[in-house]
Structures are given as structure tokens and as C-alpha cells.
Amino acid sequence: MMTETDIQAIFDSSPFIAFLGLKVVKLDTATQELTVRAPMRPEMAREAGTGQWHGGPIAAVIDTVGDFALAYLVGKPLPTVNFRVDYLRPAINTDLVAVAKVRRNGKSVGIADVDVFNEAGVLLAIGRATYSTL
């Protein structure tokens, strides 16, 4: 199994994930949940100067955090098989806090649900992804 430090090291060594600025907040092995913070940066904005997150980086955060919620159990990052996201409200002038929960860690497929909150704890988006565990 991977630790918080292992996951953060992979985040920091990946050019794309490092660009997103993801930081591991908590790994709860009892509940199989991973919490990660993503900082708002001008490059993430939907329109210059608005402070509103574009949906693409939010989706990337969801996919990455869901992946590593399962990866810590199997010991390596996993390829995404399927992915969906529902945007509930705009993320404006806030960091994102993504909480992924493993729903299934099967022999060939794993599933994680991810809730994305603003810094005030308001739910902004929900995602579900399926990953190959082979």
C-alpha cells in the first residue's frame, strides 16, 4: 500500500499533476478516503480575471484524486476506464478540496466517487470514475 508521502511524491514528479499543484491533505485507510487540495491559479480560470475555475481542471482533479484513492491500495497509479462529472455550482476565487472514496476495489476494475468542495465546504462538483486494477 502507498502512503501519503508516496502519493505526494508521485504528484510532485508528474509534470501535469505538479502543474495542478495538488497537495495531499489526508489519507484515511479506515474509510478508504483520500483528501487533496488544489490551489486556484490564473491558468485554471475560465476567463481571465474572473477567478472562476474552468471545468477541465476540475475534471482533471477529480480523475487524479479518484485514481490515487485506489492506487494507494494496489500500490501504483491506474489507467482510467470511464469517467463522469456533474458540475453543481461554479468554483470562484477558491481552492478546491477533493475527497475521493473507494467504492470498489475489484480484481479487474475499481470505482471511486469524488466530491469537490470550495474552501467553505460547499459542494461544487461530484465525479465517478472507473479504473483498471489489472
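# A tour from Asp113 to the loops

Select Asp113 to start: its relative accessible area is 15%, so this residue counts as buried. The model on screen is a predicted one. Asp113 sits in strand 5.

**Stop 1: around Asp113**

Which side chain shares a salt bridge with Asp113? Add Arg103 to the selection; the two side chains meet in a salt bridge, with N and O 2.8 Å apart. Arg103 belongs to strand 4 and Asp113 to strand 5, so the pair ties together parts that are ten residues apart in sequence. Next, show Arg128, whose side chain is joined to that of Asp113 by a polar contact of 2.5 Å.

To see the rest of the surroundings, display Val99, Ala100, Lys101 and Gly127. These four are among the residues that Asp113 touches once those up to four places away in sequence are set aside, and the list also includes Arg103 and Arg128.

**Stop 2: a buried acid without a salt bridge**

Move to Asp28, in strand 1. What is the nearest side chain of opposite charge to Asp28, and how far away is it? It is Lys26, at 4.0 Å; Asp28 is buried yet has no salt bridge. The Asp28 side chain does reach a backbone atom, the nitrogen of Ala30, at 3.0 Å. Beyond four places in sequence, Asp28 touches Glu33 and Tyr72.

**Stop 3: salt bridges elsewhere**

Over the whole structure, a search finds seven salt bridges. Select Arg37 and Asp95 for one of them; their closest N and O atoms are 3.3 Å apart. Because Arg37 lies in strand 2 and Asp95 in the loop between strand 3 (80–87) and strand 4, the pair ties together parts that are 58 residues apart in sequence. Arg37 has a relative accessible area of 31% and is partly exposed, whereas Asp95, at 19%, counts as buried. Add Glu119 to the view: Arg37, Asp95 and Glu119 are linked in a network of salt bridges.

Then go to Arg84 and Asp86, which also form a salt bridge, with 2.5 Å between the closest N and O atoms. Arg84 is partly exposed at a relative accessible area of 49%, and Asp86 counts as partly exposed at 27%.

**Stop 4: the nonpolar core**

Hide the charged residues and select Ile7, Phe11, Leu22, Leu34, Phe68 and Leu96. These have the most contacts inside the largest nonpolar core, which has 38 residues. The elements that each supply at least two residues of this core include helix 1 (4–13), helix 2 (15–20), strand 1 (23–28), strand 2 (33–38) and helix 3 (55–74). Strand 4 (96–105), strand 5 (109–117) and strand 6 (123–132) are also on that list. Which element gives the largest share of the core? Helix 3 does, with eleven residues.

Stay on Leu22 and show its contacts. With neighbours within four places in sequence left aside, Leu22 is in contact with Gln8, Phe11, Ile17, Val36, Arg37, Ala38, Val61 and Thr64. Arg37, seen at the previous stop in the salt bridge with Asp95, is thus back in view.

**Stop 5: down the axis of helix 1**

Select helix 1 and turn the view to look along its axis. Ile7, Gln8 and Phe11 are buried in this helix. Why do the buried residues line one face of helix 1? Seen down the axis, they fall within an arc of 95°, so they share one face. An α-helix has 3.6 residues a turn, so residues three or four places apart point the same way.

Now look at the face turned away from the buried side of helix 1, which carries the exposed residues Thr5 and Ser13. On the buried side, the cover includes helix 2, strand 1, strand 2 and helix 3.

**Stop 6: two loop residues with positive phi**

Most residues other than glycine have a negative phi. Select Gln32, in the loop between strand 1 and strand 2. Gln32 is not a glycine, yet its phi is positive, about 55°. Its relative accessible area is 29%, so Gln32 is partly exposed.

Finish at Asn93, in the loop between strand 3 and strand 4. Its phi is near 50°, again a positive value in a residue other than glycine. Is Asn93 buried or exposed? With a relative accessible area of 59%, Asn93 is exposed.

How values were computed
Residues numbered from 1 in each chain as written. Predicted model: local features only at pLDDT ≥ 70, side-chain atom pairs only at ≥ 80, totals over all residues. Heavy atoms only, no water. Core = buried A, V, L, I, M, F, W, Y, C linked by side-chain atoms within 4.5 Å. Buried < 20%, exposed > 50% of the residue type's maximum accessible area, 1.4 Å probe, protein only. Helix = DSSP H or I, 4+ residues; strand = E, 2+ residues; numbered from the N terminus. Contact = heavy atoms within 4.5 Å. Polar contact = N/O pair within 3.5 Å; in protein donor to acceptor, adjacent residues only side chain to side chain. Arc of directions from axis to C-beta. Lys, Arg positive; Asp, Glu negative; His and termini not counted.
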